[in-house]
Amino acid sequence: MLKTMFNRLEELILLILDRTHKEGKADLSRFQMLKIIYLIQVYSLKYAGTSLLPQTTFIREKNGPISVDIYKSTDGLVGRGYIKKEIKKNKGYGHERHCFSLAKKLPQLNFNKGELLFLDSFLSELLPLTQAQLKARAYATEPMKDILNRERNGVKKTGEVIDFSSVAVDQDVIETYSDL
């Protein structure tokens, strides 16, 4: 693999923003970015049996899973001039949206062909979704269901690190690769 000037998470953010542009969208909100990356992490465990972002931590917050690592990476990419951040008014939610887009041509990334196929498959499914749909998908994952079950006693688990060990590898994947 090539050495790049980006860590794995930064490369994923750049790829997502490139695919966002190719889907005809001007930008992606931070909320959408957080949920898409979280879902890709879950899908990588479920359908590839391995973490795409082993160094990225997600925590339970009011609106679902977030990652301080994503905040730091987007801010770093903005500071280095690779992505733009624009603050937009959002009438639908009553809060400002921090929206990101590529500021430069997509640099050389270090994903192999299989990873790109995997990512493109899920990005084509996730990028058209609304914020509400992404939030619903995130809450429907095994780690979030586990947290919600434990919150039934009325105590929110805000700030708790999300445990991905409840994500089981998909049975079709197991059957397909069991003879290898």
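## The largest pocket

In this predicted model, helix α2 gives the largest share of the lining of the largest pocket, namely 4 residues. Helix α2 covers residues 30-48, and together with strand β5 and helix α5 (131-139) it belongs to the elements that each supply at least two residues of that lining. The volume of the largest pocket comes to about 550 Å³. Its lining counts 19 residues, and those closest to the centre are Phe31, Asn63, His95, Glu96 and Gln131.

What classes of residue make up the lining of the largest pocket? There are 6 nonpolar, 6 polar and 7 charged residues in it. As background, rolling a probe the size of a water molecule over the atoms shows where empty space is left.

## A sheet of 3 strands

Next, let's visit the sheet. Here 3 strands come together in an open sheet, in the order β1-β5-β4, with antiparallel pairing. At the edges sit β1 (28-29) and β4 (83-88), each of which pairs on one side only. In general, strands of a sheet pair through backbone hydrogen bonds, either parallel or antiparallel.

Strand β5 spans residues 97-102 and runs antiparallel to β4, joined to it by 6 bridges. If you would like to find this pairing in the structure, look for Lys88, whose bridge partner in β5 is Arg97. You can also look for Ile87, which stands opposite His98 in β5.

How many bridges link β1 and β5? These two strands pair over 2 bridges, in the antiparallel sense. Leu28 has Phe100 as its bridge partner in β5.

## Helix α1 and a salt bridge

Which strands does helix α1 lie across? This helix, made of residues 8-22, lies across β1, β4 and β5, and it runs at about 85 degrees to β5.

Helix α1 is also a good place to meet a salt bridge: the side chains of Lys22 and Asp18 come together at 3.2 Å, N to O. Lys22 and Asp18 are separated by about one helical turn because they are 4 residues apart in helix α1. Side chains of opposite charge can pair when their charged atoms come close. In total, the structure holds 13 salt bridges, and the one between Lys22 and Asp18 is among them.

Notes
Residues numbered from 1 in each chain as written. Predicted model: local features only at pLDDT ≥ 70, side-chain atom pairs only at ≥ 80, totals over all residues. Heavy atoms only, no water. Pairing = 2+ DSSP bridges. Contact = heavy atoms within 4.5 Å. Axes fitted to C-alpha atoms, helices over the stretch in contact; angles between N-to-C directions. 1 Å grid on protein atoms, 1.4 Å probe; cavity = no way out; pocket = protein on both sides within 12 Å on 5 of 7 lines; lining within 4 Å. Points joined across faces, edges and corners; volume = space filled by probe spheres on them. Nonpolar A, V, L, I, M, F, W, Y, C, P; charged D, E, K, R; others polar. Salt bridge = Lys/Arg side-chain N within 4 Å of Asp/Glu carboxyl O.
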